[in-house]
Amino acid sequence: MDKVVAIVAMLAVLFLISRGLPGRVWPVILAATLAVVLAVVLAEQYGLWPAGWTVR
């Protein structure tokens with residue numbers, strides 16, 4: 001559930017930031033944001049995330 005919340009939060013921020021951008025840029029920004037979120041989630045899941053960056 002934490003992963004879903006993180007993705008939804010990132011998409012909400014992305015939506016608020018990109019409201020002023022042209023419509024043609026929206027899919028590119030969406031794809032880039034989802035790629036970054038997916039990379040972070042997978043890195044954390046497989047133990048590749050630096051231990052100093054983990055919130056405990």
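In the next few minutes I will walk you through one helix, α2, and the residues around it, and please keep in mind that this is a predicted model.

Let me begin with the helix itself. α2 runs over residues 26–45, and with its 20 residues it reaches 28 Å from its first C-alpha to its last, which is close to the 28 Å expected at 1.5 Å a residue.

Now, which residues of α2 are buried? Thr33, Val37, Val41 and Ala43 are buried in this helix, and because they cover an arc of only 165° around the axis, they lie on the same side of α2. If you turn to the face that points away from this buried side, you will find the exposed residues Val28 and Leu38 there.

Leu38 comes back when we look at the surface, since together with Leu42, Tyr46 and Leu48 it forms a nonpolar patch that has about 470 Å² of accessible area in total. Tyrosine 46 sits in the segment after α2, and we call it exposed because its relative accessible area is 62%, while the cut-off for that word is over 50%. Also following α2 is glycine 47, whose phi is positive, near 80°.

Finally, let us go to the other end of the helix, where leucine 21 has its place in the loop between α1, residues 2–18, and α2. Leucine 21 is partly exposed, with a relative accessible area of 40%. Measuring from C-alpha to C-alpha in the model, leucine 21 and glycine 52 are 35 Å apart in space, and they are separated by 31 residues in sequence.

Methods. Residues numbered from 1 in each chain as written. Predicted model: local features only at pLDDT ≥ 70, side-chain atom pairs only at ≥ 80, totals over all residues. Heavy atoms only, no water. Patch = residues over 30% accessible without salt bridge, like charges linked within 9 Å, V, L, I, M, F, W, Y side chains within 5 Å. Areas by Shrake-Rupley, 256 points an atom, 1.4 Å probe, with all protein chains shown as cover. Salt bridge = Lys/Arg side-chain N within 4 Å of Asp/Glu carboxyl O. Helix = DSSP H or I, 4+ residues; strand = E, 2+ residues; numbered from the N terminus. Buried < 20%, exposed > 50% of the residue type's maximum accessible area, 1.4 Å probe, protein only. Expected span 1.5 Å × (residues − 1). Arc of directions from axis to C-beta.
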